[in-house]
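Subject: Structure handover

Hello,

Here is the structure for you to look over. My notes follow below it.

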There are 2 protein chains.
Amino acid sequence: MSALTSRLRGHTRKITGPRQAILGILRRHPHPLTNKEIFAALPRGRCDLATIYRSMHLLEEMGMVKRFDFGDGAARFELVGEDDDGHHHHLVCMRCAEVVEIEECSIRELEEQIAARNGFATVTHKLEFFGICPRCQR
Amino acid sequence: MSALTSRLRGHTRKITGPRQAILGILRRHPHPLTNKEIFAALPRGRCDLATIYRSMHLLEEMGMVKRFDFGDGAARFELVGEDDDGHHHHLVCMRCAEVVEIEECSIRELEEQIAARNGFATVTHKLEFFGICPRCQR
DNA sequence: TTTGTTTTTGCAAATCATTTGCAATGAGAA
DNA sequence: TTCTCATTGCAAATGATTTGCAAAAACAAA
């Protein structure tokens, strides 16, 4: 919690109940959660859905959570550890949405390994690169 | 067009004006397009936006277009060649949304190569695996 | 601990992408 | 040419996410 405290203070931000509660939920859920899931996990009426959306933006900017997009239209978030940079991949079941964290980071050749190792079938992957193009760098 | 014709016929589907027009736009745009962009590229009033959404679903099911998700909330589509399976990656500028097609399929080590080769800066990548989990396979 | 200032929150309304109901229209088989 | 079923346009419905605004909460300073 000290990490949150100092980081928030450094941004002229306040340590509010909703924010602590959200971090709490994230801390005890090692899987990516949607804003709605976080909302549901919070004690009833603990805070508004809009507040969760706003908090996630803030925490993301501060680098405390990582945003994931599984392509189903809802963003998902995971807490980033003190040390790690939060970079890892996910193996998502297209039927029940079960999520398995994948530590390694290679590809293609890994598809088979990942499929076999986890017993998943018809595994595919989606990959996009992001950056700043030459024109925009000027 | 013969490919479209035969494929559509094989699915008890009709060859309509909107569908031909959409394929036409896709054919002359080698980059992923959003439904809205396709709509805008179509001669005014050529067809409804809803029809484009419906057509893209159909074409995707038929394997004639590939759907891409750059995480900005809008799906993008590209025509899949007769032969190729449409598998390739994209390098997207986070500022102007310029898109560069990346042929190779490896990762991480490639990030630097891709960044250098295209003059892009701060390149990152997003990757997710999809499949059917053991429980769902039963 | 009281006050003053600034950030946050709740709530409701607004956006945006995408989907859907339904009656009218069009494509293709007979 | 006719008949039937797929398809379309249009408008309304969804679902995720954002935003305006006044009230409430944090916190620094007194």
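Start with a cross-chain pair: Phe129(A) stands opposite His125(B), which lies in strand 6 of chain B. The two strands 6, that of chain A (residues 121-132) and that of chain B, run antiparallel and are joined by 9 bridges. Strands here are DSSP E runs of at least two residues and helices are H or I runs of at least four, numbered from the N terminus. Two strands pair if DSSP finds at least two bridges between them.

Some ground rules. This is a predicted model, where local features need pLDDT of at least 70, side-chain atom pairs count only at pLDDT 80 or more, and totals for chains, interfaces and linings use all residues. Residues are numbered from 1 along each chain as its sequence is written, chains are lettered from A and ligands numbered from 1 in the order in which they are written, and side-chain values use heavy atoms, leaving out hydrogens and water.

The chain interface

Chain B and chain A bury about 4200 Å² between them, 60% of it on carbon and sulfur atoms. Buried area is the accessible area (1.4 Å probe) that two parts lose on being put together, summed over both. Glu128(B), Phe129(B) and Phe130(B) supply 22% of the area that chain B buries against chain A, more than any other three residues. The contact (heavy atoms within 4.5 Å) takes 41 residues from each of chain B and chain A.

The rule finds 0 salt bridges across this interface. A salt bridge needs a side-chain nitrogen of Lys or Arg within 4 Å of a carboxyl oxygen of Asp or Glu. On the side of chain B that touches chain A, strand 6 of chain B gives the most, with 12 residues.

The DNA

22 residues surround DNA strand C, the closest being Arg13(A), Lys14(A), Thr51(A), Lys36(B) and Tyr53(B). Near means a heavy atom within 4 Å. Sugar and phosphate make up 68% of the atoms of DNA strand C that come within 4 Å of the protein.

Three side chains are worth opening. Arg13(A) has a polar side-chain atom 3.1 Å from a phosphate oxygen of DNA strand C. For Tyr53(B), a side-chain N or O atom is 2.6 Å from a phosphate oxygen of that strand. Arg54(A) puts a polar side-chain atom 2.9 Å from a base nitrogen of DNA strand C.

Helix 4 of chain B gives the most to the surface near DNA strand C, with 4 residues.

Best wishes

Note on methods: A polar contact is a pair of N or O atoms within 3.5 Å; within protein, one must be able to donate a hydrogen and the other to accept it, and residues adjacent in sequence count only if both atoms are side-chain atoms.
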